[in-house]
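Work through the exercises below with the structure open beside you. Try each task before reading its solution.

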Amino acid sequence: MNKKFYLTTPIYYVNDIPHLGSAYTTIAADVLARYHRLKRRKVFFLVGTDEHGGKIEEAAERIGQTPQQLCNANTEIFKKTWHSLNISYDNFIRTTDPKHKEVVKKVLQILWEKGLIYEGIYEGFYCLACEQYKTKGELINSKCPQHQKKPILLKEKSYFFKLSQFKDKLKRIIATDQLEIKPVERKNEVLKILEQGLQDISISRQKVKWGIPLPFDQRFTTYVWLDAFFNYLTGLGWQGDFKELPEFWPADLHLMAKDILRVHTTIWPALLLALDIPLPKKIFAHGFITLNNQKMSKTVGNVIYPEEMIEKFGVDASRYLIMSIAPFGQDGNVSWQELTEKYNADLANGLGNLVARVLAMVEKRKVEKGESKVKIKDQKIVQYPLPVTGYKNRYEKALKNLQLYETLKIIWQFISYLDKYIEQEKPWILVKERKFDKLEKVLYTLIQSLKEIIFLIQPFMPETAEKIRRGVRGEAERREILFPKVVKLP
Ligand code: MSP
């Protein structure tokens, strides 16, 4: 039986269409999904959209649409972007899916019956212009960033989930890696938060109509987080049967940015503990992508959209450039200039040039010798002189530890090793001097190395891997330029 691997990204707020920062998680997840499939694991890769809440209600009203219409339109944008980035997801879950809503209601009812939800008073900052509560983090200089107005402190009746009572259990589970949090600095941060104690959380809003009504008090709807988390189960087709959890549950990996790690390592596992559902195995939080050193965000207006990058560099190159922004887990900055320089250096001159050179030499040899294949007369004399296994082991280890940036570095070290090998063996001189035996060995080595590269880059650049494969097999009609040089900045 193949081992299974269940991997998720966060479900994105449907009113913020995807930019490079938000696409970062999805591309990383896609790389991992493709890698595990190559390893013959049974993979389920879930993505989706988080569609409820006051912001959608308000945004829809502004443009004269119903919230559902806005959600439908924006979901299509997400799907289109993921398709254009070649994201191989297995399911796209929407929180407005009636089946998802039914499960959330069922879960709420159970928590209510178990006495884990109680009625209380919610106090928070409320922006009159937005007609919305704002968290402290959303305020800039104590003002609502949209309206530049100070919110008022408002109190309303609300329902609360008894999160505080799970503190000790969570601490134990996280400290012992029963729920693994990576990178380890993040695990320590979470443990520190737990040390300080947890407060019960408000799970309902009275004013927000666009949400799932509480089954035990229809005047209220659930607040975003309780609804959103259950996508990880409903996205697998779960309909709320506690005796039969989905085949792929528990998740092997929840991938996300660091801003939503805290809720994923407190509220989410506490809800699962409350319902006697096994916990996810691992949560990895990566850093933020900044543009010109400012957090990429639509409100600030400093965004790069994936489509813009694809137009300039192509799909695979964009995937490569995005994953090589920074060590996975740390923050990383981008600028068009750096992206363009990296594209030219690593792809046009690096990988693209290597492939073009090797295939050109194979062709030249064909013409000179009148044979179609690189044949080795005596297999015994072929010593594979490249430390491929060394690279491969390091590659596997890096991917296992989710070090995606390091994984790319390892592949590119191999590429520059091959460049040096070509310079050292000078096959063009071997052709000129008609030293065909030696030439065979060198070209064989290079072809074998390209085959390794095809395997190594496949999760990151699936289409490029396929193009190189066709080139190596001699199937391509004419040699393709994999990465044309880019000169102009946008
Ligand atoms: N809807 C919630 C998630 C619910 S999951 C049960 C949410 N959505 S989000 O659209 O705001 O964010 C989705 C993911 O994109 C988050 O992990 C978020 O941190 C990430 N990113 C959004 N902008 C980002 C950058 N500039 N850089 C890196 N990732 C960032 O939170």
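The exercises cover the ligand, the salt bridges, two sheets and one helix residue of this predicted model.

**Exercise 1. The shell around the ligand**

Task: State how many residues surround the ligand, and describe what kinds they are.

Solution.
- Step 1. Count the shell. The ligand is surrounded by 24 residues.
- Step 2. Pick out the closest. They are Ile11, Asp50, Ala257, Asp259 and Ile289.
- Step 3. Sort the shell by type. It holds 14 nonpolar residues, seven polar ones and three charged ones.
- Step 4. Find the largest contributor. Helix α7 gives three residues, the largest share of the shell.

**Exercise 2. Backbone contacts to the ligand**

Task: Find which ligand atoms lie close to backbone atoms of Tyr13, Gly21 and Ile289, then say how much of the ligand the protein buries.

Solution.
- Step 1. Take Tyr13. One of its backbone N or O atoms is 3.1 Å from an oxygen atom of the ligand.
- Step 2. Go on to Gly21. A polar backbone atom of this residue sits 3.2 Å from a nitrogen atom of the ligand.
- Step 3. Turn to Ile289. Here a backbone N or O atom is 2.8 Å from a ligand nitrogen atom.
- Step 4. Look at the surface. The ligand alone exposes 660 Å², and the protein buries 93% of that.
- Step 5. Place the shell on the fold. Two or more residues each come from β2 (12-13), α1 (20-38), α7 (224-229), α8 (231-234) and β13 (253-257).

**Exercise 3. Salt bridges across the sequence**

Task: For the salt bridges Glu51 to Arg94, Glu138 to Lys55 and Glu425 to Lys438, explain why each ties together separate parts of the chain.

Solution.
- Step 1. Recall the principle. Side chains of opposite charge can pair when their charged atoms come close.
- Step 2. Get the total. The structure contains 28 salt bridges.
- Step 3. Start with Glu51 and Arg94. Their closest N and O atoms are 2.7 Å apart. Glu51 is in the loop between β3 (42-50) and α2 (54-62), and Arg94 is in strand β4 (residues 91-94), so the bridge links parts 43 residues apart in sequence. Glu51 is buried, at a relative accessible area of 0%.
- Step 4. Take Glu138 and Lys55. Their N to O distance is 3.2 Å. Glu138 belongs to the loop between β6 (132-134) and β7 (152-161), while Lys55 belongs to helix α2, so parts 83 residues apart in sequence are tied together. Both partners are partly exposed: Glu138 at 27% and Lys55 at 38%.
- Step 5. Finish with Glu425 and Lys438. The closest N and O atoms are 2.8 Å apart. Glu425 lies in helix α15 (residues 404-425) and Lys438 in helix α17 (residues 436-457), so this pair joins parts 13 residues apart in sequence. Glu425 counts as buried at 16% relative accessibility, whereas Lys438 is partly exposed at 37%.
- Step 6. Add a network. Lys4, Asp252 and Lys281 are joined by salt bridges that share partners.

**Exercise 4. Two open sheets**

Task: Give the strand order and the sense of pairing in the sheets that contain β12 and β15.

Solution.
- Step 1. Recall the principle. Strands of a sheet pair through backbone hydrogen bonds, either parallel or antiparallel.
- Step 2. Read the β12 sheet. Its three strands run in the order β10-β12-β11, with antiparallel pairing. β10 (204-205) and β11 (213-214) are the edge strands.
- Step 3. Check one pairing. Two bridges link β11 and β12 (residues 217-222). Pro213 stands opposite Thr221 in β12.
- Step 4. Read the β15 sheet. Its three strands follow the order β16-β15-β17, and the pairing is mixed. The edge strands β16 (294-295) and β17 (332-334) have a single partner each, so one side of each lacks a neighbour in the sheet.
- Step 5. Check one pairing again. β15 (residues 289-291) and β17 run parallel, joined by three bridges. Ile289 has Gly332 as its bridge partner in β17. Ile289 is also one of the closest residues to the ligand.

**Exercise 5. A lysine in a helix**

Task: Is Lys187 buried or exposed?

Solution.
- Step 1. Locate the residue. Lys187 is in helix α6 (residues 184-196).
- Step 2. Apply the cut-off. Buried means under 20% relative accessible area. Lys187 has 12%, so it is buried.
- Step 3. Look across the chain. The C-alpha atoms of Lys187 and Ala175 are 8.1 Å apart, and the two residues are twelve residues apart along the chain.

Conventions:
Residues are numbered from 1 along each chain as its sequence is written. This is a predicted model: local features need pLDDT of at least 70, side-chain atom pairs count only at pLDDT 80 or more; totals for chains, interfaces and linings use all residues. Side-chain values use heavy atoms; hydrogens and water are left out. A residue is near a molecule or strand if one of its heavy atoms lies within 4 Å of it. A polar contact is a pair of N or O atoms within 3.5 Å; within protein, one must be able to donate a hydrogen and the other to accept it, and residues adjacent in sequence count only if both atoms are side-chain atoms. Accessible areas come from the Shrake-Rupley method with a 1.4 Å probe; for residues, only the protein chains shown count as cover. Helices (H or I, at least four residues) and strands (E, at least two) are DSSP runs, numbered from the N terminus. Ala, Val, Leu, Ile, Met, Phe, Trp, Tyr, Cys and Pro count as nonpolar, Asp, Glu, Lys and Arg as charged, and the others, Gly among them, as polar. A salt bridge is a side-chain nitrogen of Lys or Arg within 4 Å of a carboxyl oxygen of Asp or Glu. Buried means under 20% relative accessible area, exposed over 50%, partly exposed in between (1.4 Å probe, protein chains only). Two strands pair if DSSP finds at least two bridges between them.
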